[in-house]
Amino acid sequence: MGRATTATALSTSCFTLFRPPGIVPGPSRTEFGMLSRKVIPFNSFDDLSAEGLKGTLSDILSFILPRLKSQGLPMSGDFDHSYSVLSNIGTPYCCSVSPGFVESGRLDRNPGGRVALLGILGMRDFDPDLAVSMLESAIGRRNVRAYWSQIPEVKERYDMSPWEVAALSERLPLEERISDVVKELDEDSVGVPPLFALPQYARKMEFLGRETGKTVFEVATPMSLPGQRLQDAFENVAAHEGCKLLKGLTAVEIGFSRNHASFVTIRSRSREQRITFSRLIFATGDLVGGGLVVDDDRAKETVSSLQIETRGSTGVYPPPDPSLGSQALREVMHSGVKADSLLRLSTKQGETLDNVFGAGSLLSGFAFPTGVGLGGVMLTSWMAARNAMEAD
Amino acid sequence: MARPGIETSGCIKCGSCMNACPVIATEGMRRFSGPRSLAVEAPRFLPDIAATRDNIMMCTTCWKCEEVCPANLLLPEAMLQVRALIFSDKEMLEGHRRIAENIDKHRRSVEPLSAQDLVPVKETGEVMYFPGCISKERITSIYESSVSVLGKVRADFGVPNGWVCCGAPLEKIGDSERLRILREENLAKFEGFGEIVTSCPGCTSHLLVHYDLEPLHTIEFLYENVGLSRLRFKPPTRTIRVALHRPCHLARTIGPHVIDYAYAILQSVPGLKLVEMEDPGTCCGGGGGVVAGYPGVALDLAVEKMRKAEEAGAELLLAPCPFCVLNLRRVDLLEVGEFVTFLNERLE
């Protein structure tokens, strides 16, 4: 794990695995070609077609989803097509897999039914009045009504993030208080903001549904609890499967001989430490989850020994709008660590390291602000983990 | 007024620092507006920056915001620069004023104990032991245990005559001038020693960053210089369930390797069952001058930490930091022990 917050943590918890036609080229003749075109929208997907991918998307989902569930995060959805869920500002959010309680608020379900959106005074990131107004203007849906409830501990604190509310929910029976409010509402379907931390998430959301007899769903809130919750689940799975998690550290150098690495040097504020390994997966990075930092006006990987590449100008996505952000930011958004078809990383000298892998947004073409989504994160995590296990 | 030198213009306003801040989680944003507001936005409004005084002193300098910042900003350093910028001898919080007065009067951050009958230690040696104010003047068992442990591992050590506070508490309250004077006084007394060993992560970090020395925390010294094989423990009288607190200045500013060392040492202690509490690396409230400035905030954080240790089934919460021990002991939930003191009781 990298030193900073990851792209996953900054994202909503929805995976976009299916992309509408026009954004990516049409499917190729192989299943893996289709898969990679669906979930890896960068221009080297042909490299990944045969050698790198040795399974189907079903394999990936059947590997990852039960593991997430075992950590308290039930996911549901179908990778063959996408659906729209409700975001916190009332705009539809397109995804194909999401936490079950987000998915239960799909906009295509029961379009005529009445829906309540319940905000909590003092909790930021979800304003049901705004969401209702946006739903009316964006998709003309008028059968949604906004409500506010008061939880003294939240109102008193003022401007609490879902993350803080989740911390509070560990001490207070928030589910019981919300349940009492939801019971009073006329609507059968009620949207609530993210309320619970991962260990209690499934249990408490199920409690809300059971106690109220209603469909209680969660609105997808970017940059707050859902992404954190998903990342927590990923980390717990990795630790549970026997990985040593090096989290919150800056890796500055990889020690290697020819194409085999043996240690990584990590740096804290005042010391450096060498950590030896048999196989290493870099799972995240720094600036905007892109795996890179800005050095003057250039993108730079913090690990000085790794090679980076830029793919923005010829990739699947159109070149960035020159008026968008700074030159450095545009550079970072379209740069990443160079990986081969097995997601093995390369040294600055061009040598491919046989036991160092990359996954997620530190790979070129996967930067979060370019709108890649979490499908590629999931796919490359699975590939990197599997290839690492198979590496000699 | 000079603009703080730490560059924070790369903030992408993602809110990660606010989400991760333990003071916001415990006190709420109305009371503490958080790293982004205080370290990034406040310095842009220099004429009004002094208005942040009460607010910014609630930061425990736990370094969590820097750890999660996607833009790699040095937020705690920026926070300390703002504190230095707004420091005024006339407008200190009551607790901070006492620190400054103690420094002026006694050259310690706390008032020295009136009668001390501590074990005598020589003033020269290969290794310099720097006890720090809390170990020497408040929880003297840390001082005595450290001296005892250094003796048991046969280190040739001494405590420099006339040492003064390292200055770490002054850095936290923004008092750069007193800090500079203490540094000069100490450096003159440190001459003649080789290795430096400290009991306090705050001292370790401060001597390293502000004195340009290479001190080791006692845990580093025991693991790296002495070695696990030379630590011989007595047979246990009973099994005890222990949770390890990870002090912020040890795990995040000195480095997470020290926590690995601490676990390795504890695993070699017979009769000890380690239990893992939730969020062992979350701040206990003991740092940043918050115990002196806002004891209520520090207590809230300590209660949270102790509750988690209790929930994990620990009988004893071990903290390798005098400031953490001092603050955690304000909560009467379970026993709090200091790491080296615990080792000393079990070492042959």
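This is a short tour of a predicted model, moving from the domains of chain A to a sheet in chain B and then to two unusual loop residues.

**Stop 1: the domains of chain A.** Select residues 17-73 together with 249-390 in chain A and give them one colour: that's domain 1. Now colour 82-221 of chain A, which is domain 2. Where they touch, domain 1 of chain A puts in five residues and domain 2 of chain A puts in eight. On the domain 1 side of that contact you'll find three nonpolar and two polar residues, and no charged ones.

**Stop 2: where the chains meet.** Show both chains. Here 26 residues of chain A are in contact with 27 residues of chain B. To find your way on the chain B side, select helices H1 (16-20), H2 (22-27), H5 (64-68), H12 (201-210) and H14 (248-254), since each of these supplies at least two of the touching residues. Sorted by class, the chain B side has 14 nonpolar, ten polar and three charged residues.

**Stop 3: a sheet in chain B.** Stay with chain B and switch to a cartoon view. Look for an open sheet of four strands, in the order E6-E5-E7-E8, with parallel pairing. Strands E6 (272-274) and E8 (335-338) of chain B are the edges, each pairing on one side only. Look along the sheet and you can follow its turn: neighbouring strands are at 35° to each other on average, ignoring direction.

Next, zoom in on E5 (240-244) and E7 (316-319) of chain B, a parallel pair joined over three bridges. Which residue of E7(B) is the bridge partner of Ala243(B)? Click on Leu317(B), and you've got it. In general, strands in a sheet pair through backbone hydrogen bonds.

Then add helix H19 (339-346) of chain B. This helix lies across E7 and E8 of chain B, at about 85° to E8(B).

**Stop 4: two odd backbone angles.** Most residues other than glycine have a negative phi. Two residues here go the other way. Select Arg258(A), in the loop between strands E9 (250-257) and E10 (260-267) of chain A; its phi is positive, about 55°. Then jump to Thr61(B), in the loop between helix H4 (53-56) and H5 of chain B, where phi is also positive, near 50°.

Is each one buried or exposed? Arg258(A) has 9 other C-beta atoms within 10 Å, so it counts as exposed. Thr61(B) has 26 other C-beta atoms within 10 Å, so that one counts as buried.

Methods: Residues are numbered from 1 along each chain as its sequence is written. Chains are lettered from A and ligands numbered from 1 in the order in which they are written. This is a predicted model: local features need pLDDT of at least 70, side-chain atom pairs count only at pLDDT 80 or more; totals for chains, interfaces and linings use all residues. Domain bounds come from an automatic or database domain assignment. Two residues are in contact if their C-beta atoms, placed from the backbone, lie within 7 Å. Ala, Val, Leu, Ile, Met, Phe, Trp, Tyr, Cys and Pro count as nonpolar, Asp, Glu, Lys and Arg as charged, and the others, Gly among them, as polar. Two strands pair if DSSP finds at least two bridges between them. Axes are lines fitted to C-alpha atoms, for helices over the stretch in contact, and angles run from 0 to 180 degrees between N-to-C directions. A residue is buried if 20 or more other C-beta atoms lie within 10 Å of its own, exposed if 12 or fewer, and partly exposed in between; C-beta atoms are placed from the backbone.
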